Amino acid sequence: EYDRAWWREVIIYQVYVHSFKDSNGDGIGDLRGATEKVPYLKSLGIDVIWLTPVYESPLKDMGYDISDYERINPIYGTLEDWQELLDELHKRDMRLIMDLVVNHTSDQHAWFKESRSSRDNPKHDWYHWMDPKYDDQGNRKPPNNWASVFGGPAWTWGEERQQYYLRLFASEQPDLNWTKPEVRNAIYKMMRFWLDLGIDGFRMDVINMISKVHGLPDAPVTGPGDVQNGGSMFLNEPNVHKYLKEMHKEVLAGRNVLTVGEMPGGVDPYEASKYVALERKELHMIFQFAHMTLDGTNGDKWEIREWTLPELKDSIRVWQQHMIGNHGWNSIFLENHDQPRAVNHFGNADPKYRDKCAKMIAMFQLSLRGSIYIYQGQEIGAAAPTDWNIEDYQDVETLNWYNAKVEEKKAKGEEPDYDKLMSLVRRVSRDNARAPMQWSRGANAGFCKDDAKPWLRVNNEYKEGWNVEDEMKNPDSVWNFYKKLIFFRKTHPPFFYGGFTLIDEEDPKVFAYVRTQHEFGYLIVLNWTKEENEWEVPEEIPVPGGILALSNYDMDPLTQLTQRLKLQPYEGRVYALR
Ligand code: TEU
Ligand code: CA
């Protein structure tokens, strides 16, 4: 049913360089710091590292605004340092994938500087430039009504040209014009540069946004305000497939590399298959966010709603069951540098439950079908800081949102509800998962030297044992549990390619499913609540003969499966079926 492939069987670890490990005392994580930790990652069982952008950048969006694709940002080190990281990985049979951010560049990129300088320079249409519109009073207005992902209009005025440029993210991140062959060729050339240096693949940032509907028309009005969600005008526009096929032919064909496309919206399994079906020769897999956005409203993550377990089950089931064979493949992730920590997002960070909950989440993730992505800190059960104030946050998205909310109230002559705003920031902000990695009990959590000042506040809980060093020593820690599960997965092939069957889809408390391949089967039972729960094994599962393979509680392995299971808070069990 499947062509076996290394990229389907790997555990990938996302290194958010800025917050991973500082080697030189400037308080910023860097390449030498990452290299220092390669043996650590090997010992955890990691196969591949995804490195977030380390290219030259003014860091308006933490490196997702690139001013030179072929140079390393000096704050992270040199190209030699990068080469050393690659060598240290390859020496250990590990691989490296790099972030590819080609929907937009920085406004400091030479291409954009040239493009903005006049209406007739050779790169004048490498970006999306358009004339302004005017309202009834003759005031200048952006050419269309699209909203930026980071709030406000998706357009910025360029004085020199007296035109607007499109930027779906920050003002300093102008969108490239993919309709131009010259633009595409420049990107392909840059990709070949990194591949020729020996990298093993790319994570492609917002790759389903690169193609925009011709003429950039207004988006349908779906909400209040001046700007509208423009997703229907730039998510999965059909030409994106033309570009990805071309990219495959020009760059990827014949190279044994992994590709994963980030697609923050607009994909269901049918849409996704168009990108990842093997015979289409586009990408290997995508990041889709259905499960990550259950707690938002209409794509607005700041409009929190309570989600239910059946909703999560349904979203997982749909992708597990449809992305199969050579037509589909999933990326399994529960965290990244844009998202809340999984214990906060899906579970319970209350000290009473946190340890069990983090382990249950690990059992969940590592028993699904797909390539596994673990975000730095997830392996120690990291959680959001609870005591940060607005001054502690730096993320452009967070600050744009917060300031807009404050302004909105003030404009009405009202007092902003600062407590409410802060509780949302502590729950939703991207910086909650960007706090420096907690390596030890030492000063600055071992992220940087004692006398250095970390670029972002360290989450104080590292002193209470939530750090790598303490957890590695403790056989019962979240870290050791991850290590055990990773090993378990690699030695039990049904977890890679086996079928997925959801059981008891309506049960609001227990998430249970079976993974099967040939004569092998595993029953996974997860009590997704802080209460004790009884769960009845359904008839179709043969009860005698099932034995316990894994548990996050202290339970004898090889215990027989019984008809009724009495589950502790956040208890997870994996039974081997016969
Ligand atoms: O993220 C894509 C994206 O849409 C995010 O902005 C996401 O919607 C938001 O963060 C959820 O809160 C990618 C990168 O992962 C992100 O770090 C970049 O800021 C963004 O692209 C622009 O390059
Ligand atoms: Ca540093």
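Which residues of the largest nonpolar core touch the most other members? The legends below concern a predicted model and begin with that core.

**Figure 1. The largest nonpolar core of the protein comprises 149 residues.** The members that touch the most others are Val-15, Ile-49, Ile-286, Ile-361, Met-363, Ile-524 and Leu-526. Helix H11 supplies the largest share of this core, namely eight residues. A second core of six residues lies apart from it and includes Trp-388, Tyr-402, Val-425 and Val-428.

**Figure 2. The surroundings of Ile-49 are shown in close-up.** When neighbours within four places in sequence are left aside, Ile-49 is in contact with Tyr-13, Val-15, Leu-41, Leu-89, Met-94 and Leu-96. Of these partners, Val-15 is itself named, together with Ile-49, among the residues that touch the most other members of the largest nonpolar core.

**Figure 3. Helix H11 (residues 354-366) is largely enclosed by the rest of the structure, because 12 of its 13 residues are buried.** The buried set consists of Arg-354, Lys-356, Cys-357, Ala-358, Lys-359, Met-360, Ile-361, Ala-362, Met-363, Phe-364, Gln-365 and Leu-366. At 1.5 Å a residue, the 13 residues of H11 should span 18 Å, and the end C-alpha atoms are indeed 18 Å apart, in agreement with that expectation.

**Figure 4. Helix H13 (residues 418-428) has the buried residues Val-425, Arg-426 and Val-428.** These buried residues pack against helix H12 (396-411). Val-425 and Val-428 also belong to the six-residue core, which lies apart from the largest one. In an α-helix there are 3.6 residues a turn, so residues three or four places apart point the same way.

**Figure 5. The shell around ligand 1 contains 14 residues.** Those that come nearest are Asp-61, Tyr-64, Phe-169, Pro-264 and Asp-338. By class, the shell divides into seven charged, six nonpolar and one polar residue.

**Figure 6. The protein as a whole contains 16 helices and 22 strands, and provides the setting for the close-ups.** The C-alpha atoms fill a box of roughly 75 × 60 × 50 Å along the principal axes. For 578 residues, a compact globule would have a radius of gyration near 25 Å, and the value of 24 Å for the protein agrees with this. Buried residues account for 48% of the 578 residues. Of the contacts between residues at least 6 apart in sequence, 66% join residues at least 24 apart.

Conventions
Residues numbered from 1 in each chain as written. Chains lettered and ligands numbered in written order. Predicted model: local features only at pLDDT ≥ 70, side-chain atom pairs only at ≥ 80, totals over all residues. Helix = DSSP H or I, 4+ residues; strand = E, 2+ residues; numbered from the N terminus. Expected span 1.5 Å × (residues − 1). Buried ≥ 20, exposed ≤ 12 C-beta atoms within 10 Å, placed from the backbone. Rg over C-alpha atoms; globule rule 2.2 N^0.38 Å. Contact = placed C-beta atoms within 7 Å. Core = buried A, V, L, I, M, F, W, Y, C linked by C-beta atoms within 7 Å. Near = placed C-beta within 6 Å. Nonpolar A, V, L, I, M, F, W, Y, C, P; charged D, E, K, R; others polar.
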